[in-house]
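Here is a short briefing on a predicted model. Look through the structure first, then use the points below as a guide.

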Amino acid sequence: MARLVFTQQLRRFTATPEIHAPAATLRDVLEAAFRANPRLRGYVLDDQGHLRTNVVAFIDGRRSVDRVAQTDPLAADSEVHVLQALSGG
């Protein structure tokens, strides 16, 4: 099963469950997380369903390519990390 982990930045705003799910794509594993916590969707995706500009996903240590539809493929044992960029001075 693919493992999805969110970094601590998002935990300040909403619950970020660690997800273990059978998933073929990044979108599949994100949808599993959104089912666990629907509020999380608004922090990760914009109104068009694309990854927000300040959010990046890494799959097995490589940055995801498809920010629009999140079709990046996952292996059965993939590890996905979702990070929210920090800003400020």
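Two strands count as paired if DSSP finds at least two bridges between them. On that basis the predicted model holds an open sheet of 5 strands, with the order E2-E1-E5-E3-E4 and mixed pairing. The points below take the sheet, the core, the salt bridges and the aromatic pair in turn.

**Sheet layout**

- The edge strands are E2 and strand E4 (62-63), and each of them pairs on one side only.
- Strands of a sheet pair through backbone hydrogen bonds, in either the parallel or the antiparallel sense.
- E1 and E2 run antiparallel and are joined by 3 bridges.
- E1 and E5 pair in the parallel sense, over 4 bridges.
- E3 and E5 run antiparallel, with 5 bridges joining them.
- E1 is largely enclosed by the rest of the structure, because 4 of its 5 residues are buried.

**Partners across the strands**

- Which residue of E2 is the bridge partner of leucine 4? The partner is isoleucine 19.
- In E5, leucine 4 has valine 80 opposite.
- Phenylalanine 6 stands opposite valine 82 in E5.
- Arginine 3 stands opposite glutamate 79, also a residue of E5.
- Phenylalanine 58 faces histidine 81 of E5 as its opposite residue.

**The two faces of E5**

- In a regular strand the side chains alternate between the two faces of the sheet.
- E5 shows alternating side chains along its length.
- Val80, Val82 and Gln84 point to one face and are buried.
- Glu79, His81 and Leu83 point to the other face and are not buried.

**Nonpolar core**

- The largest nonpolar core has 23 residues.
- Which members touch the most other members? They are Leu4, Phe6, Val29, Leu30, Val44, Val80 and Val82.
- At least two core residues come from each of these elements: strand E1 (2-6), strand E2 (19-21), helix H1 (26-36), helix H2 (40-44), strand E3 (55-59) and strand E5 (79-84).
- H1 gives the largest share of this core, with 6 residues.
- Valine 80 combines several roles: it is among the members that touch the most others, it is buried, and it stands opposite leucine 4.
- Leaving out residues up to four places away in sequence, valine 80 touches Arg3, Leu4, Val5, Leu26, Val29, Phe58, Ile59 and Leu74.

**Salt bridges**

- How many salt bridges does a search of the whole structure find? The search finds 4.
- Glutamate 18 forms a salt bridge with arginine 3, and the closest N and O atoms are 2.8 Å apart.
- This pair links distant parts of the chain, 15 residues apart: glutamate 18 is in the loop between E1 and E2, and arginine 3 is in strand E1.
- Glutamate 18 counts as partly exposed, with 43% relative accessibility.
- Arginine 3 also counts as partly exposed, at 24%.
- Glutamate 31 forms a salt bridge with arginine 27, with the closest N and O atoms 3.0 Å apart.
- Both of these residues, glutamate 31 and arginine 27, lie in helix H1, 4 residues apart, about one turn of the helix.
- Arginine 27 counts as partly exposed, with 23% relative accessibility.
- Glutamate 31 also meets arginine 41 in a salt bridge, at 2.8 Å from N to O.
- Glutamate 31 lies in helix H1 and arginine 41 in helix H2, so this pair ties together parts that are 10 residues apart in sequence.
- Arginine 41 has 33% relative accessibility and counts as partly exposed.
- Arg3, Glu18 and Glu79 are joined into one network by salt bridges that share partners.

**Aromatic pair**

- A pair of aromatic rings is described by the distance of the centres and the angle of the planes.
- A search of the whole structure finds 1 aromatic pair.
- Phenylalanine 13 and tyrosine 43 form this pair, 5.6 Å centre to centre.
- Why does the pair count as stacked? The angle between the planes is 20 degrees, and planes under 30 degrees apart count as stacked.
- The pair links distant parts of the chain, 30 residues apart: phenylalanine 13 is in the loop between E1 and E2, and tyrosine 43 is in helix H2.
- Phenylalanine 13 is partly exposed, with a relative accessible area of 39%.
- Tyrosine 43 is partly exposed too, with a relative accessible area of 24%.

Terms used:
Residues are numbered from 1 along each chain as its sequence is written. This is a predicted model: local features need pLDDT of at least 70, side-chain atom pairs count only at pLDDT 80 or more; totals for chains, interfaces and linings use all residues. Side-chain values use heavy atoms; hydrogens and water are left out. A nonpolar core is a set of buried Ala, Val, Leu, Ile, Met, Phe, Trp, Tyr and Cys residues joined through side-chain atoms within 4.5 Å. Buried means under 20% relative accessible area, exposed over 50%, partly exposed in between (1.4 Å probe, protein chains only). Contact means heavy atoms within 4.5 Å. A salt bridge is a side-chain nitrogen of Lys or Arg within 4 Å of a carboxyl oxygen of Asp or Glu. Rings of Phe, Tyr and Trp (its six-membered ring) pair if their centres lie within 6.5 Å; planes under 30 degrees apart count as stacked, over 60 as edge-to-face and the rest as tilted.
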